[in-house]
Amino acid sequence: MKFEELQHSLMHRPFFESHELVTLFDEPEKQIMARLSRWVAHGKLLRLRRGKYMLPVPYQKEMASLFYISNYLYRPSFISLFSALQHYQCIPEHVQAIQAVTTRQTKVWNTQVGRFQYFSTHSERFFGYERVKLGPGLQQTALIATLERALVDICYFYSGEWTQNRWTELRLDLPDFFQRERLLGYADRMQSKKVLRSVHALLKLVNKKQ
């Protein structure tokens, strides 16, 4: 396996996992890993975490969405919290980290392409997300929380009560597709009194603005 062969095979899907190459190039894993390490040292590859790599921009034909990378960097997971709110254009601030929910341990990775933050939850709370097409590329899809689930996750994972004043400070701009009943249903499934109180505070604020 030469780097040119790797680049040609993966230019349309620049984020990849090392185990894929064993099948793709029919070479011993030990030999492949040695070459990957050498190319990382020479700046031809980015190593995001163990077994997860990415072609740098100059070698890409199509880009990989950071949301897509987040999904596959730590599985199972889906984009949520403030990253999802930014996706839905509900908040004015730029979110520095890509935030996601997972059934695995809480983790944070600082990589050359961004900061990835994962919030841990039980499997019965792993719901309320959809597969979304973000662009035309092969790696431009991602599992993203619905707007209502993202709001519930903010209540659940961030400490303290989400009062009407706190929601106001967030400067939320809820779109027409916001569903109150779905929000209440998700909040109830989280089995958290704090989440329910926070959601009711948000809905009271929404009613005031109408």
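**Reading the helix contacts**

Tutor: In this predicted model, the buried residues of H9 pack against three elements, namely helix H6 (147-157), helix H7 (164-170) and H8.

Student: Which residues of H9 are the buried ones?

Tutor: They are Lys-194, Val-195, Ser-198, Val-199, Ala-201, Leu-202, Leu-203, Leu-205 and Val-206. To be called buried, a residue must have under 20% relative accessible area.

Student: How do you know that the reach of H9 is close to the one expected?

Tutor: H9 has 17 residues, and at 1.5 Å a residue the expected value is 24 Å. From the first C-alpha of H9 to its last, the model gives 25 Å. The two values are therefore close, the expected span being 1.5 Å times one less than the number of residues.

Student: What makes H8 roughly antiparallel to H9?

Tutor: The axes of H8 (residues 180-189) and H9 (residues 193-209) cross at roughly 165° and come within 9 Å. Angles over 145 degrees count as roughly antiparallel, so H8 is described in that way relative to H9. The crossing of these two helices is left-handed.

Student: Which residues of H8 and H9 meet?

Tutor: From H8 come Arg-180, Leu-183, Leu-184, Ala-187 and Asp-188. Among the residues they meet in H9 are Val-195, Leu-196, Val-199 and His-200. By class, this contact has 9 nonpolar, 2 polar and 2 charged residues.

Student: Why is H2 called oblique to H3?

Tutor: H2 (residues 18-25) packs with H3 (residues 29-41) at an angle of about 120°, the axes being 10 Å apart. Roughly perpendicular covers 65 to 115 degrees, and roughly antiparallel requires over 145. An angle of about 120° fits neither class, so H2 is oblique to H3. H2 passes H3 in a right-handed crossing.

Student: Which residues of H2 and H3 meet, and how many are nonpolar?

Tutor: Ser-18, Leu-21 and Val-22 in H2 meet Glu-29, Ile-32, Met-33 and Leu-36 in H3. The residues of this contact divide into 5 nonpolar, 1 polar and 1 charged.

Student: How do you know whether Ser-70 counts as buried or exposed?

Tutor: Ser-70 lies in helix H4 (residues 66-73). Its relative accessibility is 0%, and the cut-off for buried is under 20%; Ser-70 therefore counts as buried.

Student: What is Ser-70 in contact with, leaving aside its neighbours within four places in sequence?

Tutor: Ser-70 is in contact with Ser-77, Ile-79, Ile-98, Ala-100, Phe-116 and Tyr-118. Here, contact requires heavy atoms within 4.5 Å.

Methods: Residues numbered from 1 in each chain as written. Predicted model: local features only at pLDDT ≥ 70, side-chain atom pairs only at ≥ 80, totals over all residues. Heavy atoms only, no water. Axes fitted to C-alpha atoms, helices over the stretch in contact; angles between N-to-C directions. Helix = DSSP H or I, 4+ residues; strand = E, 2+ residues; numbered from the N terminus. Parallel < 35°, antiparallel > 145°, perpendicular 65-115°, else oblique. Left-handed = near helix turned anticlockwise from the far one by under 90°. Nonpolar A, V, L, I, M, F, W, Y, C, P; charged D, E, K, R; others polar. Buried < 20%, exposed > 50% of the residue type's maximum accessible area, 1.4 Å probe, protein only.
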